[in-house]
Amino acid sequence: MSERSGLLTGWGGTSGSRGQLRQVSADEVAAVLSRAGERGVIARGLGRSYGDPAQNAGGEVLAPLPGAIAEPAEDGTVEVSAGTSLHELMRFLLPRSRFLPVTPGTRYVTVGGALACDVHGKGHHRSGSFGDHVASFDLVLPDASLRTVTPDDGDLFWATVGGMGLTGILTSARLRTVAVESGYISATTQRLPDIDSLLAEMASSDDEFAYSVAWIDTEAGGRALGRSVLSRGDHATRAQLTGRAATEPLIVPGEPRLAVPFVPPVGLVTRATSRAFNELWFRKAPRFRSGEIQSIGAFFHPLDGVAHWNRLYGPHGVVQYQLVLPEDRDDVLRSLLAQLAGDRHPTFLAVLKRFGPGNQGWLSFPTAGWTLAVDLPVRPGLARLLDRFDEVVAAAGGRVYLAKDARLRPELLDAMYPAAARFRALRSDLDPHRRLQSDLGRRLAL
């Protein structure tokens with residue numbers, strides 16, 4: 001066991017707090033929980049949650065060590081330690097012609113973190129979220145007992161999937177995988193002039209593709225409001241590959257080729273740079289192109305090619321605000337996009353996806369509708385803007401993603417997540433001494 005004290009933040013670099021970070025093996029988790037102090041314990045993966053779910057001011061933060069990955073079983077399931085990253089898991093699976101049914105926008109998250117946040121990807125409209133493909137997991141409960149949990153266990157399973165690590169410490173999981181012929185995607189790219197054409201295109205034809213995501217220019221207003229580049233794709237078959245790809249079809253994702261070496265004293269994402277980038281990105285996209293062969297890394301995780309890219313936002317950090325709205329509330333989506341376009345806050349990255357039905361996870365974020373994620377550098381006035389957005393989203397029957405949040409007011413949580421009261425009751429039964437605590441849990445009274 002190794003340990004150090006220090007300031008921890010999420011990927012956004014905001015809302016930091018000091019705790020005792022301990023790197024532990026799965027065998028050491030129960031002992032740490034047994035002697036948890038007044039401020040408790042929370043697990044932390046690779047620190048890619050933008051907000052504060054993996055922080056614990058004045059308490060302990062456990063970083064589980066990666067362990068073994070078992071050979072896939074005949075049914076395609078794979079046993080893997082909770083501390084193993086999806087990057088390493090993909091590098092293990094692809095040479096065996098297997099892939100994860102759900103991968104988020106970065107592969108540098110742990111299996112435990114992906115399960116605790118019930119992450120989603122570009123294929124939710126067809127494949128659901130991470131928890132839908134978990135056959136079982138091993139969980140060290142607050143009383144330090146170890147339990148293997150399956151979907152048949154009902155409440156404990158679905159409280160843990162998306163439960164932000166507040167029901168126990170995950171040590172391993174058995175995941176379902178899918179068969180693939182290559183490490184490539186056959187991609188279709190389409191440039192669309194406004195939000196109306198984008199929504200119509202996604203609603204009418206998303207189901208024809210395994211994966212779909214739209215980049216939106218949130219700097220554009222007026223008739224160009226919501227102009228976008230829509231990217232969709234399916235796993236490429238070997239017959240679709242040519243050249244080097246045909247000779248090495250099961251290529252695995254590589255390591256980052258570039259890195260941002262330090263945090264600049266002033267953030268580089270400004271209104272001027274974001275406007276220039278958005279204009280360039282929109283103009284360089286083809287009006288329509290299909291059948292382009294892209295690597296899995298390029299299609300799913302383009303930002304993973306630059307290590308520490310979050311440093312570009314400067315010393316004040318970045319908030320990624322992600323919301324989901326019911327599909328019939330696209331009027332609210334248009335209104336929020338118009339406010340972003342008219343606001344002085346620069347937006348370098350904004351993506352829209354269409355969710356299918358959500359699962360049974362009590363605090364799981366995905367629910368049927370439109371989900372918008374926007375990166376916003378921290379500047380004066382941002383908190384007031386997002387507070388207004390929270391109220392509008394809650395009133396429309398939507399919610400914000402807790403894995404990316406560090407600022408939601410607790411009184412809005414129950415409106416967004418109707419099962420929050422059930423979650424609190426289960427927590428009281430499971431953990432009467434509050435051995436599991438986090439900054440997020442205290443802030444939202446979970």
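Two strands pair if DSSP finds at least two bridges between them. Strands (E, at least two residues) and helices (H or I, at least four) are DSSP runs, numbered from the N terminus. The model is predicted: local features need pLDDT of at least 70, side-chain atom pairs count only at pLDDT 80 or more, and totals for chains, interfaces and linings use all residues. Residues are numbered from 1 along each chain as its sequence is written, and side-chain values use heavy atoms, with hydrogens and water left out.

**View 1. An open sheet of 8 strands, antiparallel in its pairing.** The strand order is 15-11-13-12-18-19-17-20. Strand 15 (288-295) and strand 20 (399-400) are the edges; each has a single partner strand, so one side of each lacks a neighbour in the sheet. Strand 17 (residues 318-325) runs antiparallel to strand 20, joined by 2 bridges. Val324 has Arg399 of strand 20 as its bridge partner.

**View 2. Helix 6 and helix 10 on the sheet.** Contact means heavy atoms within 4.5 Å. Axes are lines fitted to C-alpha atoms, for helices over the stretch in contact; angles run from 0 to 180 degrees between N-to-C directions. Helix 6 touches strands 11, 12, 13, 18 and 19, and its direction makes about 15° with that of strand 13. Helix 10 lies across strands 12, 17, 18 and 19, at about 15° to strand 19.

**View 3. Helix 6 (residues 195-205) packs with helix 10 (residues 330-342).** Their angle is about 140°, and the axes are 11 Å apart. The two helices are therefore oblique to each other (under 35 degrees is roughly parallel, over 145 roughly antiparallel, 65 to 115 roughly perpendicular, the rest oblique). Ile195, Asp196 and Leu199 of helix 6 meet Asp330, Leu333, Arg334 and Leu337 of helix 10.

**View 4. An open sheet of 4 strands, also antiparallel in its pairing.** The order is 5-9-7-8. Strand 5 (77-81) and strand 8 (146-149) stand at the edges, each with a single partner strand, so one side of each has no neighbour in the sheet. Neighbouring strands are turned by 15° against each other on average, direction ignored. Strand 7 (residues 134-140) pairs with strand 8 over 4 bridges, in the antiparallel sense. Asp138 stands opposite Thr148 of strand 8.

**View 5. Arginines over aromatic rings.** A charge sits over a ring if NZ of Lys or CZ of Arg is within 6 Å of the ring centre and within 35 degrees of the ring normal. Arg48 lies over the face of Trp11, 3.8 Å from the ring centre. Arg399 lies over the face of Tyr417, at 4.5 Å.
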